[in-house]
Structure formats: C-alpha cells, structure tokens
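Work through these short exercises with the model open beside you. Try each task before you read its solution.

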Amino acid sequence: MQKLERVLGILRSRELDCLAIFSASNILYITSSDAPSAVLVFSGGEVVSLAPRLEYLRALEEVRVGEVLAYAKWGEPSEYERLLQGDLYDAVRAVLQERGARRVGAAGASLEVRQKLSERLGTEVLDVSKEFQLLRRSKDREELKAMRAAVSVAEEAMRLAIDLSLIHI
C-alpha cells in the first residue's frame, strides 16, 4: 500500500516508533473507514485501528489494513471482540506499551488531544500534522484513477441533469 509507505516515511524522518492518527478524514485516508477513533502506525509497518465498542463490528468490516481493537470503559468482552478497557487514551497507551513504542507523533490531533495523550503516556507527543497533510496532497496512480472516474461520473450526471432541465423548460 503506497499510502502506508508514505506514512512510514514520516516515521523514519522524525525517528518515531509510532504515529497516532486522529480526525475522521485522516483515519478514512489510511483505513477506508471512519469507524475508528484513532489509528496507530508503527515503524515496522503494523497498523492498529482503535474503535469504540459500538463501532467495532463496522470497523471490522470496513478497515482495509491492519488489526482492529475495540475500547470501552466498562463491560466484559464477548467472544467476538478484542476489547481494551478504558477510554481512547487508555487504549492508545495500552497498545503503545505492549509494543514498546516510546517516541510518538500525532497527526490530526487537537492541542487538547495531544496534551491528554502526553499526560497519559508520560512523554511528549510530537505534532506531525503538517507533514501528514503534505503527504495526503500527493496522489498515487490508484487515487488519480479513482478521482478521474469520479469526475467522469459527475460530468455524465451533470449532462443528464442539463438535458432533463431543457426538456422541462
């Protein structure tokens, strides 16, 4: 996946163990789903999506890369769930600790989110949102092909709408 390779480039250039990706549009860009609340990309290429328990099944269906874990403040996991106890920050901390990630960056996180994450992790979380936005501006062949197809569909729909409007004038 070319997108993942470009994200790994950010990790290498900033010497990060993990990049925590927030905001629905950034998450959708990486996973093809907006169900997760955060996505963790590790320097070895592993991807972990963290979804609230109520979005877990949808995330399992839609996420196209890596593994999906659910998080919830209470409740026992059912046989089909991989559940982390606590809120999103607890879930991020648990996964980072499990994988030994120390240097962490964040993309698409507000100042408040970065501060809360830094407090929970006990270390600074670097803001790499600008690098991530630049990465998203660069399109690979698949993305350009999809964009061209979307333009063709939109143009055809516009032609049909114009033709239908002329009939009713």
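**Exercise 1: A tyrosine at the surface**

Task: Decide whether Tyr80 is buried, partly exposed or exposed.

Solution. This is a predicted model. Start with the number: Tyr80 has a relative accessibility of 45%. Next, recall the cut-offs: buried is under 20%, and exposed is over 50%. Tyr80 therefore counts as partly exposed. Now locate Tyr80: it sits in the loop between β4 (67–72) and β5 (83–85). Finally, look at its partners. Tyr80 forms a nonpolar surface patch with Leu57 and Leu60. Together the three have about 290 Å² of accessible area.

**Exercise 2: The two sides of a helix**

Task: Find which residues of helix α6 are buried, and explain why they lie on the same side.

Solution. Helix α6 spans residues 129–137. Its buried residues are Ser129, Phe132 and Leu135. They cover an arc of only 120° around the axis, so they share one side of α6. Then turn to the face pointing away from that buried side. There you find the exposed residues Lys130, Leu134 and Arg137. Last, ask what does the covering. The cover over the buried residues includes α1 (2–14), β1 (18–21), α2 (24–31), β6 (104–107) and β7 (125–127).

**Exercise 3: Unusual phi angles**

Task: Describe phi, location and exposure for Ser23 and for Ser32.

Solution. Begin with the general rule: most residues other than glycine have a negative phi. Ser23 is not a glycine, yet its phi is positive, about 80°. Ser23 lies in the loop between β1 and α2. Its relative accessible area is 29%, so Ser23 is partly exposed. Now take Ser32. Its phi is also positive, near 70°. Ser32 belongs to the loop between α2 and β2 (38–42). With a relative accessible area of 34%, Ser32 is partly exposed.

**Exercise 4: The nonpolar cores**

Task: Work out which residues touch the most other members of the largest nonpolar core, and which element gives the most to this core.

Solution. The largest nonpolar core has 24 residues. Phe22, Leu40, Phe42, Leu50, Val95 and Leu96 touch the most other members. Next, list the elements that give two or more residues: β1, β2, β3 (47–52), β4, α4 (88–98), β6 and α5 (111–121). The top contributor is α4, with six residues. Apart from this core lies another, of 20 residues. Among its members are Leu4, Leu11, Ile27 and Val128. To close, compare with the general trend: in soluble globular proteins, nonpolar side chains tend to be buried together.

Key:
Residues numbered from 1 in each chain as written. Heavy atoms only, no water. Buried < 20%, exposed > 50% of the residue type's maximum accessible area, 1.4 Å probe, protein only. Helix = DSSP H or I, 4+ residues; strand = E, 2+ residues; numbered from the N terminus. Arc of directions from axis to C-beta. Contact = heavy atoms within 4.5 Å. Patch = residues over 30% accessible without salt bridge, like charges linked within 9 Å, V, L, I, M, F, W, Y side chains within 5 Å. Areas by Shrake-Rupley, 256 points an atom, 1.4 Å probe, with all protein chains shown as cover. Salt bridge = Lys/Arg side-chain N within 4 Å of Asp/Glu carboxyl O. Core = buried A, V, L, I, M, F, W, Y, C linked by side-chain atoms within 4.5 Å.
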